[in-house]
Amino acid sequence: MSGNSKSAPPGRSKSVFIMLLRHTCSTGEVRRLAALVTLTLREAIRSRVLLGMVGLVGLFAAGSLLWPGDVDRERVILVQRFCLGALTLFGLIAAAFLGGSTLPGDIDSKRIYSVITKPVTRLELLLGKALGLIAVMFVFLLLGGLVTVAVTHVASARKSYAGGSYTLEVTAPDAEIQTETGPVPARLGQELVADGKTGTRYAVTIARRDTSISGTIPKSSVELHERSLDVLRVAEPASLSVLCKGRADFSHTELLLRAGRLAQGDTWRFDLSGLRLPTEDRDIDVRFRFTGHRYEPLRGREAHPRPQARFIFRNPATRKKVTKEVEFVFREGSDGAGAPRGRSIKYYEEVFALPRSVTAGGTLDVEITDYAPAYPESGRTYYGSTEQPTWLIRGFDPGKLPQGQQTIRARFLVHYTRGLDLVDHTGLTVEVRNPATGESKDLPVDLRSKTTSYIHFPRRLIDGEAGVEVTLKDLRPSHRIGYKSKECPLYLLLTPDSFLASTARSILLIFFQLSLFTVLAAAASTLLSAPVAILFTMVVALSGGVKDLIVQGLSQAQLAAPGNPFVLAAHGEATLQEGAWTWLKYIFTKLLIAVAPSFDRFSSTYFVNRGWTVPWSAVFHGACYALIYIAVCFCLGCAFLKTREFE
Amino acid sequence: MNGETVIQTFDLTKVYSGFMKPEVLAVDRLNMQVRCGEVFGLLGPNGSGKTTTTKLLRGLIFPTRGRAEVLGSPAGDIAAKEKIGFLPEESYLYRFLNAEETLDFYGKIFGIPRRVRRRRTDELIELVGLQSARKRALRGYSKGMSRRIGIAQALINDPELIFLDEPTSGLDPIGRREVKELILRLKGLGKTVMLCTHLLPDVQDVCDRVAILHNGRLCEEGALDDLLVLKNKTQLTVDDLTEKEQEQLKKFLAGMGHDKVTMTHPYDTLSSLFMRIIETERQGEHVREQ
């Protein structure tokens with residue numbers, strides 16, 4: 001007998017699965033649900049609601065092509081925004097109207113008599129209707145998505161879509177800008193700043209891919225404003241430094257020196273003639289101030305170091321010299337003399353007590369050495385794609401690298417979708433290699449729950465001439481990963497995945513959003529009349545979209561109102577009862593906020609408006625979020641419908 | 001099976017109430033029985049509680065007090081609904097569907113396999129005479145056609161119990177006769193039919209038993225023959241008598257002590273006259289065509 005034992009035929013498991021599937025599909029419940037879903041979908045198609053919705057989206061999308069735009073990429077993004085916005089808007093209206101009216105419509109027209117008297121439970125009826133409406137939304141978004149892709153394709157086909165828009169602002173009157181592919185199609189001569197001291201700024205727009213800029217821009221500050229995610233390589237300028245012009249003011253016994261920006265090796269000469277300095281031979285406070293933005297240390301993360309410098313104050317007349325090492329303090333507010341009335345400025349400041357002998361006379365030279373800014377003021381910017389994760393970074397000025405250190409600290413920036421807690425940051429690995437010696441090292445970068453991480457390049461891996469080769473491993477296409485070195489400013493921007501895939505994921509997000517609103521409207525209609533259910537859905541949808549604003553408003557109103565008993569109680573200026581009451585209100589508000597849905601999580605515009613792509617994690621998160629709320633709405637709807645009488 | 005109770009109510013009471021609305025007693029302690037295989041008529045003037053009673057029996061509304069059993073299960077039970085067919089007062093159907101799709105939809109609701117569904121669809125469309133309009137959307141149907149498709153959907157599951165609410169309303173005399181014949185045919189197949197109608201001649205033609213409601217209360221229930229028969233009167237129908245023969249017959253009956261004798265020619269019903277004329281016309285057309 002044992003010899004007759006048969007092995008299972010290869011197709012057996014498959015046939016068992018098919019039998020199981022057939023059995024499941026052939027059960028009465030599934031058939032009834034399928035019938036109700038088909039009926040709802042058929043109704044939407046035959047009543048031309050679906051056609052109307054898609055037609056409106058197409059009309060909006062076609063209209064967006066008429067929008068003026070100089071740059072291809074901007075136009076494409078604009079068209080994408082328009083189409084996705086139209087899909088969301090019309091989908092929301094359709095979800096509210098279809099969901100809110102399908103069940104009341106059946107009840108009012110008494111068609112429900114012919115269904116509910118058949119072997120259909122009320123739960124099956126609501127589930128079938130809800131699934132049918134979700135199917136309507138799916139078909140709508142499928143067709144609308146095709147319209148979006150088609151219109152976007154038309155928009156991108158008008159000009160070369162690969163172009164990008166970049167503005168190069170040059171603070172130099174004699175800037176010469178050449179490109180490898182010919183003259184830059186620039187709009188020159190636009191005077192942006194005219195204070196007479198910082199020179200004239202020119203705006204240069206580069207509209208083609210692979211355009212590189214080379215040339216000498218002496219004594220200029222270059223700022224690159226990235227407007228899109230496309231590829232742009234900016235060739236290394238010969239030298240970049242900050243042109244600083246000093247200005248001195250006298251106020252009582254203070255001498256205020258102000259500078260635009262600060263750079264290592266700057267030498268400034270302040271003209272002190274004409275100033276009525278005190279006659280007494282005593283120290284004079286010299287307040288040194290330069291403008292700049294502080295990069296706020298985020299909560300729980302490493303704080304940025306404060307800028308440091310060595311100042312040498314020298315009086316050419318008396319040949320007296322004072323050396324001060326300082327660590328600047330960041331301040332914010334009006335500086336009285338320079339800032340417009342009522343306008344706040346941000347600056348770093350340090351006050352030096354200089355002897356009278358140094359400040360006497362007509363001039364004061366200030367030399368700044370060993371300047372270590374908290375954040376790079378300017379630098380070379382590289383943009384790349386995921387296809388090119390390896391970069392050879394050259395042009396290190398060994399003199400500018402920190403001396404006497406074994407490592408050089410570099411900062412990694414990871415830009416991801418803030419507010420999405422489920423984003424999985426597993427970190428990545430950076431391989432640093434010295435091209436001259438071939439020596440390399442893998443440096444792990446832990447990005448879990450961080451946007452910023454520091455790594456330390458071994459000093460020996462950075463060669464003054466050959467540079468350093470940096471390879472980013474374990475890249476996540478949905479993340480934008482940047483690398484910025486403190487001393488050698490460098491920024492790598494890795495392009496996310498394709499535009500089309502991102503659009504598809506955006507539409508998926510909208511689908512979950514619309515599914516939720518559909519079920520919400522259908523559930524509401526089990527208790528409310530059709531117009532009220534539609535209105536209710538619209539109000540919830542709109543208020544959910546601005547939940548953050550409401551949250552902010554409530555929080556501010558609860559906690560920051562003047563004379564708030566909570567605040568007073570904290571300072572011992574209110575009774576315990578008042579404090580407790582305020583606490584109660586506070587907790588209630590927090591609960592309300594926690595329960596209220598925030599539809600920002602579904603919003604594709606949240607990503608699109610920022611020029612980001614929609615990651616899969618956001619779609620997954622949106623799906624989970626929608627399913628939870630759909631389940632809650634459905635249970636409530638069933639509870640209401642179960643007790644409802646059809647008179 | 002015949003003679004078993006299919007529908008039974010026990011002190012069935014329904015009071016409509018609502019917020020800021022006065023209470024309305026629609027059905028008051030109703031106790032009635034419908035037996036298997038009979039055609040039962042539920043009669044009563046407007047507002048007597050007929051519709052409320054049928055809604056209670058179909059589970060559309062819930063009783064305030066008492067209970068009802070349909071096919072041995074509580075009213076509204078899903079298992080029992082599989083054996084019930086229902087024709088509403090108006091044909092409240094999905095008007096964007098055509099006849100085939102309508103029957104297919106309700107067939108799916110009953111979980112009927114596709115092959116059986118198709119066969120029954122064809123049979124029922126032929127039964128109600130909608131072959132030429134089977135592909136037309138219901139929104140284009142006349143009232144009579146809507147009633148026909150309504151009847152067809154009520155029979156899609158080959159039900160044991162059929163609720164018919166005003167089945168002949170909107171139909172022409174031929175259609176009414178066909179529906180009545182259909183009801184009798186269903187009865188012949190052992191089905192139970194519960195009929196709600198204002199058209200008393202229809203009830204008289206097809207019903208075995210009736211219940212008469214008034215203000216939600218059951219006033220009378222019983223077999224139609226028992227209720228209608230005038231036991232103190234005798235009707236004699238003879239072929240045409242001459243006046244002389246009539247006089248002789250009166251004298252003969254007077255001799256037996258029956259003084260109150262009425263002799264007259266009986267009237268045909270308008271319905272029978274109409275049917276006779278239409279039938280004659282149709283036969284003439286048929287002969288001319290040949």
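## A glycine just after helix α4 of chain B

In this predicted model, the residue B:Gly129, which comes just after α4(B), takes a positive phi of about 70°. The helix that precedes B:Gly129 covers residues 114–127 of chain B, and its 14 residues reach 20 Å from the first C-alpha to the last, close to the 20 Å expected at 1.5 Å a residue.

## The two sides of helix α4

Which residues of α4(B) are buried? They are B:Arg117, B:Arg120, B:Thr121, B:Leu124 and B:Ile125, and, when the helix is seen down its axis, these buried residues fall within an arc of 130°, so they line one face of the helix. The pattern can be read against a general rule: an α-helix has 3.6 residues a turn, so residues three or four places apart point the same way.

The buried residues of α4(B) pack against two other helices of chain B, namely α3 (99–109) and α5 (143–154). On the face turned away from this buried side, by contrast, α4(B) carries the exposed residues B:Arg115, B:Arg118 and B:Glu126.

## Chain A as a whole

Chain A has a secondary structure of 14 helices and 23 strands, and buried residues make up 45% of its 647 residues. If one takes the contacts in chain A between residues at least 6 apart in sequence, 73% of them join residues at least 24 apart. The chain exposes about 32600 Å², of which carbon and sulfur atoms supply 58%.

## A buried glutamate in chain A

Is A:Glu124, a residue of helix α6 (residues 122–158) of chain A, buried or exposed? Its relative accessibility is 9%, and A:Glu124 therefore counts as buried, since the cut-off for a buried residue is under 20% relative accessible area. Leaving aside residues up to four places away in sequence, A:Glu124 touches A:Glu29, A:Arg32, A:Leu33, A:Leu36 and A:Pro119.

## Cysteines without disulfides

How many disulfides does a search of the whole structure find? Over all chains the search finds 0. A:Cys635, for example, is in no disulfide, and the nearest cysteine sulfur, which belongs to A:Cys638, is 6.6 Å away, whereas a disulfide calls for a pair of cysteine sulfur atoms within 2.5 Å.

A:Cys635 is an exposed residue, with a relative accessible area of 51%, while B:Cys219, with a relative accessible area of 46%, is partly exposed. The two labels follow from the cut-off, because exposed means over 50% relative accessible area.

Terms used: Residues numbered from 1 in each chain as written. Chains lettered and ligands numbered in written order. Predicted model: local features only at pLDDT ≥ 70, side-chain atom pairs only at ≥ 80, totals over all residues. Heavy atoms only, no water. Helix = DSSP H or I, 4+ residues; strand = E, 2+ residues; numbered from the N terminus. Buried < 20%, exposed > 50% of the residue type's maximum accessible area, 1.4 Å probe, protein only. Contact = heavy atoms within 4.5 Å. Areas by Shrake-Rupley, 256 points an atom, 1.4 Å probe, with all protein chains shown as cover. Expected span 1.5 Å × (residues − 1). Arc of directions from axis to C-beta.
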